Amino acid sequence: MPLSQKATATETKSTAEAIQTEILQRICFLDYPPGKQLKEAELAAEFGVSRTPIRDAISRISHLGLVDTRNGVGTVVVALSAAQIRHVYDMRLELAPLIGTMSPRSITESDCEIGQTLLQEAKALCNAFDFRKYIEINHRLHVLITGLIGNGALRSFWWQTYCQAASTWYLVSKQRDSEMALALVAELNEINAALELGDVTAIGFIQRTHIGYGFQRIKTHLLATKSE
């Protein structure tokens with residue numbers, strides 16, 4: 001392949017990855033709720049690209065089970081079934097303790113500063129809950145913790161299961177606002193204590209504990225009425 005064509009292929013891949021990240025975030029944040037149709041032409045116009053990188057991005061997202069292409073309808077955002085949600089949370093509960101055992105990177109002063117900032121923002125939610133802000137704090141916490149994972153394969157699986165779980169978790173959180181704010185503050189207090197000690201292993205177990213709490217809320221408030 002000529003160098004010019006290789007450069008174009010690389011640029012297309014990079015563009016598709018950026019678009020995939022943005023669409024995934026919109027799905028996770030419920031900006032694209034279940035049932036939302038993803039129209040290639042509209043997305044291509046929004047991002048200023050051809051349909052090729054849009055199609056590539058959507059294809060990658062389909063492997064996560066978050067979108068489905070239907071004859072006569074097109075590509076739509078879908079909600080995971082009760083069984084799929086259970087499988088994702090079972091996986092997250094198993095992966096969390098590995099954060100501190102599979103080549104974790106050292107905690108830096110910047111990590112501690114980010115953790116403290118997130119904690120202060122979470123505390124503010126207890127007085128005036130803002131659902132969008134709650135989502136953004138959770139997402140930034142996930143980015144912080146993912147950045148501590150040194151093992152590439154684990155980091156990829158951890159991010160994938162977050163994307164699969166996020167919209168379900170945020171749907172429940174939207175219904176339990178004040179309770180969720182208090183839970184987030186409790187989690188961040190524990191995370192910050194572990195960050196100050198430089199203890200990534202503890203962070204993995206803290207994540208497992210709070211994922212378990214979250215899964216219990218999902219089972220109580222969502223899965224009890226959701227069909228398999």
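For the charge count used in this tour, Lys and Arg are taken as positive and Asp and Glu as negative, while His and the chain ends are left out. The structure on screen is a predicted model.

**Whole chain**

Start with the charged side chains. Select the Lys and Arg residues in one colour and the Asp and Glu residues in another: the chain has 23 positive and 24 negative side chains. The centres of these two sets lie 6 Å apart.

Now switch to a cartoon view. Nine helices and three strands should appear. Followed along the sequence, their order is α-β-α-α-β-β-α-α-α-α-α-α. Turn the C-alpha trace onto its principal axes, where it spans about 50 × 45 × 30 Å. The radius of gyration of the chain is 19 Å, which agrees with the value near 17 Å for a compact globule of 228 residues.

Next, show the surface. About 11400 Å² of the chain is exposed, and carbon and sulfur atoms supply 52% of that area. Buried residues account for 43% of the 228 residues. If you draw contacts between residues at least 6 apart in sequence, 72% of them join residues at least 24 apart.

**Helix α1 and the loop after it**

Select residues 3-28, which form helix α1, and pick out Q20 within it. Q20 has a relative accessible area of 16%, so it is buried, the cut-off being under 20%. Leaving out residues up to four places away in sequence, Q20 touches A57, R60 and I61.

Move on to L30, in the loop between α1 and β1 (37-38). The phi angle of L30 is near 70°, a positive value in a residue that is not glycine. Most residues other than glycine have a negative phi.

**Helix α2**

Select residues 40-47 to bring up helix α2, which holds A44. Is A44 buried or exposed? Its relative accessibility is 8%, so A44 counts as buried. Apart from residues up to four places away in sequence, A44 touches V49, S50, R51 and I54. Then measure from A44 to I19: the two residues are 25 apart along the chain, and their C-alpha atoms are separated by 9.8 Å.

**The largest nonpolar core**

In soluble globular proteins, nonpolar side chains tend to be buried together. Here the largest nonpolar core has 68 residues. Which of its members touch the most others? Select Y170 and I218, which hold that place. Helix α7 (residues 152-175) supplies the largest share of this core, nine residues.

Keep Y170 selected and show what surrounds it. Neighbours within four places in sequence aside, Y170 is in contact with C28, F29, L30, F131, Y134, I135, N138, H139 and Y162. That list includes L30, the loop residue with the positive phi.

**Two loops that meet**

Select I149, in the loop between α6 (131-146) and α7. With 2% relative accessibility, I149 counts as buried. What does I149 touch, not counting residues up to four places away in sequence? The contacts are I99, S103, L154, R155 and W158. Measure also from I149 to M102: these residues are 47 apart along the chain, with their C-alpha atoms separated by 7.4 Å.

One of the contacts of I149 is S103, so select that residue next. S103 lies in the loop between α4 (82-95) and α5 (109-127). Its phi is positive, about 55°, although S103 is not a glycine. Is S103 buried or exposed? At 52% relative accessibility, S103 counts as exposed, whereas its contact I149 is buried.

**Helix α5**

End at I114, which is found in helix α5. I114 has a relative accessible area of 36%, so it is partly exposed. As a last measurement, take I114 to T69. These residues are 45 apart along the chain, and their C-alpha atoms are separated by 39 Å. For I149 and M102, 47 apart along the chain, the corresponding separation was 7.4 Å.

Note on methods. Residues numbered from 1 in each chain as written. Predicted model: local features only at pLDDT ≥ 70, side-chain atom pairs only at ≥ 80, totals over all residues. Heavy atoms only, no water. Helix = DSSP H or I, 4+ residues; strand = E, 2+ residues; numbered from the N terminus. Buried < 20%, exposed > 50% of the residue type's maximum accessible area, 1.4 Å probe, protein only. Contact = heavy atoms within 4.5 Å. Core = buried A, V, L, I, M, F, W, Y, C linked by side-chain atoms within 4.5 Å. Rg over C-alpha atoms; globule rule 2.2 N^0.38 Å. Areas by Shrake-Rupley, 256 points an atom, 1.4 Å probe, with all protein chains shown as cover. Charge placed at Lys NZ, Arg CZ, Asp CG, Glu CD.
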